[in-house]
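Colleague: Please give me a close look at a single part of this model, the aromatic side chains at its surface, and set them beside what lies inside.

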Amino acid sequence: MEVFLIRVLQFMLAISLLVLLHEGGHFFFAKLFGVRVDKFYIFFDWKFSLFKFKPKNSDTEYGVGWLPLGGYCKIAGMIDESFDTEQMKQPMQPWEFRAKPAWQRLLIMIGGVMVNFVLALFIYSQILFWWGDTYIPVRDMTMGMKFNEEAKSYGFKDGDILIGTEEHAFKDFSADLYRDISEAHRVDIIRDGKPMSIALPGELNLLNMMKADPSFVRPLLPAKVDSILPGSPADKLGMVKGDEILALNGKPVDSYNEFIDLLGRRADMLAVAKTSADSMKARTVTLVYSHEGAKDTATTALTPELKLGFTVQTVAGLYKPVTREYGFLESIPAGIKYGFHVLASYVDDLKYVFSAEGAKSLGGFGAIGSLFPPMWDWYMFWKMTAFLSIILAFMNILPIPALDGGHVLFLLYEMVTRRKPSETFMLYAEYVGFAILILLMVVANLNDILRAIGYM
């Protein structure tokens, strides 16, 4: 419960900050050009609000709604998500949005996106300035990688040390490494101490690579015990730190990765078990393991979650990380470069959304919230906030009615043709756009629910 609350708090703080600044971008340009803002709200106040106030001699009501699906800045003389058509029936006033020239209206509409994008670049720069860039170089992972069958079909072998592609060297083990491999025509490796290259088609499916079970490539981890959970099956067997799993149910185990993969097959048996005897059979395993210099064999029942009850050293424990530090002036261009890289990678990955697997990968509030760490970590909080800020900027500029990008599209049409779309058209476009957004939100959050109950 504590982990859930910490994640919720981080998520709510990040979203509140991003919505506040996004709507503040619209508000700034509206005020700059003398346009009246009727309402400025964080979250939606459908039917009622949690808090609101209107300063003396001000036209703007400020408040906090109860529905945390975004926020809004209600600008006078504009058809928006409030669907206020009564105001549009009145004679045009000089302080209304519709009375201003198209270029001013355009700046008002892109103000939120501009703020979110600049904010993300600023946060990335400050992350590099305060924390630097800490990572474990892939080429320093001297135990190499563990590959799945698809990767092996292209010529990779367990234990290969990844160096880079024809484009550039790999940096760390992250989504970028998968992306580089998916686009590569050549991957350079070290095998048994000798450099060599593997030819690839240059068009592997990134989503399939990452979602495969086991995934295309993972750092190879020795199946050597680092710690034992008291009262666990491993503890009852007398296993101690330094013991190493050699085989499971007669199948050789060359790494912790292999051990986990074999347990995954037991999970398939457990899923179709119909009786308690079937469940116990799925949970019962025979181990061969080294123990204080000798080889032991034992049969034991795993926990209901199919755990033996030991941990191994993680990548962070096996290898020494390196840190690149940045001065304040250095951090600015580095942060900008990193922000553009994040945006380009996100845009490139969008092509997978239009596939069946990609649609299943869509996530709602639960998926986004789970990206935040289980403990309060300012480094990860700001990194996630910057990422969400870039996503919010990009998604809002898409040419979908009801989003900023939809209004921008109609404004550009007006600037080119010198003809303004009718208010009736704009209203119906807003309805259509809003329906599309609601549908996407339902699908994304339904995916979260289905994943939570084990259907996806």
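**Aromatic rings at the surface**

Modeller: Trp 376 counts as partly exposed, at 36% relative accessibility (buried is under 20%, exposed over 50%, partly exposed in between, with a 1.4 Å probe and protein chains only). The model is predicted, so local features need pLDDT of at least 70 and side-chain atom pairs pLDDT 80 or more, while totals for chains, interfaces and linings use all residues. Residues are numbered from 1 along each chain as its sequence is written, and side-chain values use heavy atoms, leaving out hydrogens and water.

Along the chain, Trp 376 sits in the loop between helix H13 (365–370) and helix H14 (378–397), where helices (H or I, at least four residues) and strands (E, at least two) are DSSP runs numbered from the N terminus. At the surface, Trp 376 joins Leu 9, Leu 13, Trp 130, Trp 131 and Trp 378 in a nonpolar patch of about 700 Å², a patch being built from residues with over 30% relative accessible area and no salt bridge, with nonpolar side chains joined within 5 Å and like charges within 9 Å. Helix H1 (2–32) and helix H3 (102–131) are the elements that give two or more residues to this patch.

Turning to ring geometry, the structure holds 33 aromatic pairs (ring centres within 6.5 Å; planes under 30 degrees apart are stacked, over 60 edge-to-face, the rest tilted). In one of them, Phe 27 and Phe 40 meet edge-to-face, at 5.4 Å centre to centre and with 75° between the planes; this pair links distant parts of the chain, with Phe 27 in helix H1 and Phe 40 in strand E1 (residues 37–53), 13 residues apart. Phe 27 is buried, with a relative accessible area of 18%, and Phe 40 is buried too, at 10%. The rings of Trp 376 and Trp 378 are also edge-to-face, because their centres are 5.4 Å apart and their planes stand at 70°; Trp 378, at 43% relative accessibility, counts as partly exposed. Ring pairs carry the connection onward, linking Trp 376 and Trp 378 with Phe 11, Phe 372, Phe 381 and Trp 382 into a cluster.

As for the inside, the largest nonpolar core (buried Ala, Val, Leu, Ile, Met, Phe, Trp, Tyr and Cys joined through side-chain atoms within 4.5 Å) has 47 residues, and those with the most contacts inside it are Phe 156, Leu 162, Ile 181, Ile 245 and Phe 259. The elements that each supply at least two of its residues include helix H5 (175–183), strand E10 (244–248) and helix H8 (256–271), and the largest share, four residues, comes from H8.

Note on methods:
Areas by Shrake-Rupley, 256 points an atom, 1.4 Å probe, with all protein chains shown as cover. Salt bridge = Lys/Arg side-chain N within 4 Å of Asp/Glu carboxyl O. Phe/Tyr/Trp six-rings, centres within 6.5 Å; stacked < 30°, edge-to-face > 60°.
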